[in-house]
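Work through the exercises below with the sequence and the coordinates at hand. Each task is followed by a solution in steps.

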Amino acid sequence: MITVIKKNPQGEALFSYQGEVLAATSRTCIIRAFWTWPDRDLGYARFETGDCFTEYYYTDRWFNIFAIAGKDGQRKGWYCNIAEPAVIQDDRIEQVDLFLDVWVDRQGRVQVLDEDEFQAATNLSATQRHGAREGLQALLEMVAHREGPFAEIGS
């Protein structure tokens with residue numbers, strides 16, 4: 001098991017949870033975790049107790065990707081956090097969240113979320129803002145080209 005620690009832009013821990021490492025390289029860690037919080041309806045998706053999250057963390061990319069499937073195994077979509085590159089250690093993954101999020105549905109339709117929160121954030125450094133914009137662009141290109149976890153779009 002590995003602990004995931006989500007941090008705010010100042011590096012303070014917001015929350016943590018555990019997952020099982022499925023694969024790891026020097027630049028990537030893929031884990032499986034399950035939604036254990038109360039059900040949450042986001043309007044575009046509903047996260048429910050027992051949903052399976054296959055999570056992709058990168059040390060050289062400004063985002064992570066969560067491929068989400070329901071308890072029945074059916075893909076719900078992909079939730080992506082624009083974040084600083086992950087710090088991956090043997091027992092934990094730490095990542096600084098930069099407010100922007102992206103939802104990709106099963107057909108590949110994209111919604112960029114929380115742009116107003118990102119724009120209004122006064123606690124982001126110039127480096128974080130620049131990295132977030134580049135990360136968002138790189139992520140949208142992955143979706144458009146059906147790369148990596150997005151190869152399953154439409155299937």
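**Exercise 1. Partners of strand 10**

Task: In this predicted model, determine in which sense strand 1 and strand 10 pair, and over how many bridges. Then do likewise for strand 8 and strand 10.

Solution.
Step 1. Strand 1 (2–7) pairs with strand 10 in the parallel sense, over 5 bridges. One residue pair to look up is T3, whose bridge partner in strand 10 is R92.
Step 2. Strand 8 (75–83) lies antiparallel to strand 10 (92–105), and 6 bridges connect strand 8 and strand 10. Here A83 has D97 as its bridge partner.
Step 3. Strand 9, residues 87–88, is also antiparallel to strand 10, with 2 bridges. I88 is the bridge partner of I93 in strand 10, and a hairpin with 3 residues between the strands is formed by strand 9 and strand 10.
Step 4. Strand 11 (110–113) is joined to strand 10 by 4 bridges and runs antiparallel. V102 has V112 as its bridge partner, and V104 has V110.
Step 5. As for burial, 13 of the 14 residues of strand 10 are buried, so the strand is mostly covered.

**Exercise 2. Positive phi angles**

Task: Which sign does phi take at F99, and is F99 buried or exposed? Repeat the phi check for G108, D114 and R146.

Solution.
Step 1. Recall the background: most residues other than glycine have a negative phi.
Step 2. F99 is not a glycine, yet its phi is positive, about 80°. F99 sits in strand 10. Its relative accessibility is 16%, and because buried means under 20%, F99 counts as buried.
Step 3. G108 belongs to the hairpin of strand 10 and strand 11, which has 4 residues between the strands, and takes a positive phi near 95°.
Step 4. D114 is another non-glycine residue with a positive phi, about 65°. D114 is placed in the loop between strand 11 and helix 1. With 29% relative accessibility, D114 counts as partly exposed.
Step 5. R146 follows helix 2 and has a positive phi near 55°.

**Exercise 3. The two sides of helix 2**

Task: Compare the end-to-end reach of helix 2 with the expected value, list its buried residues, and explain how they are arranged around the axis.

Solution.
Step 1. Helix 2 spans residues 126–144, which makes 19 residues. From first C-alpha to last it reaches 27 Å, close to the 27 Å expected at 1.5 Å a residue.
Step 2. Q128, R129, G131, A132, G135, L136, L139, M142 and V143 are the buried residues of helix 2.
Step 3. These buried residues cover an arc of only 160° around the axis, and therefore lie on the same side of helix 2.
Step 4. The general rule behind such a pattern is that an α-helix has 3.6 residues a turn, so residues three or four places apart point the same way.
Step 5. On the other side of helix 2, the exposed residues are A126, T127 and A144.
Step 6. The cover over the buried residues of helix 2 includes strand 7 (63–69), strand 8, strand 10, strand 11 and helix 1 (115–120).

**Exercise 4. The segment after helix 2**

Task: Where is A151 found, is A151 buried or exposed, and how far apart in space are A151 and N123?

Solution.
Step 1. A151 is located in the segment after helix 2.
Step 2. The relative accessibility of A151 is 54%; exposed means over 50%, so A151 counts as exposed.
Step 3. A151 and N123 are 28 residues apart in sequence, and their C-alpha atoms are 35 Å apart in space.

**Exercise 5. The largest pocket**

Task: What is the volume of the largest pocket, how many residues line it, and which strand supplies the largest share of the lining?

Solution.
Step 1. The space in the largest pocket comes to about 620 Å³.
Step 2. The lining of the largest pocket has 28 residues, and those nearest its centre are K6, F15, F66, Y79 and N81.
Step 3. At least two lining residues each come from strand 1, strand 2 (13–24), strand 3 (28–34), strand 6 (52–58), strand 7, strand 8 and strand 10.
Step 4. Strand 10 gives the largest share of the lining, 4 residues.

How values were computed
Residues numbered from 1 in each chain as written. Predicted model: local features only at pLDDT ≥ 70, side-chain atom pairs only at ≥ 80, totals over all residues. Heavy atoms only, no water. Expected span 1.5 Å × (residues − 1). Buried < 20%, exposed > 50% of the residue type's maximum accessible area, 1.4 Å probe, protein only. Arc of directions from axis to C-beta. Contact = heavy atoms within 4.5 Å. Pairing = 2+ DSSP bridges. 1 Å grid on protein atoms, 1.4 Å probe; cavity = no way out; pocket = protein on both sides within 12 Å on 5 of 7 lines; lining within 4 Å. Points joined across faces, edges and corners; volume = space filled by probe spheres on them.
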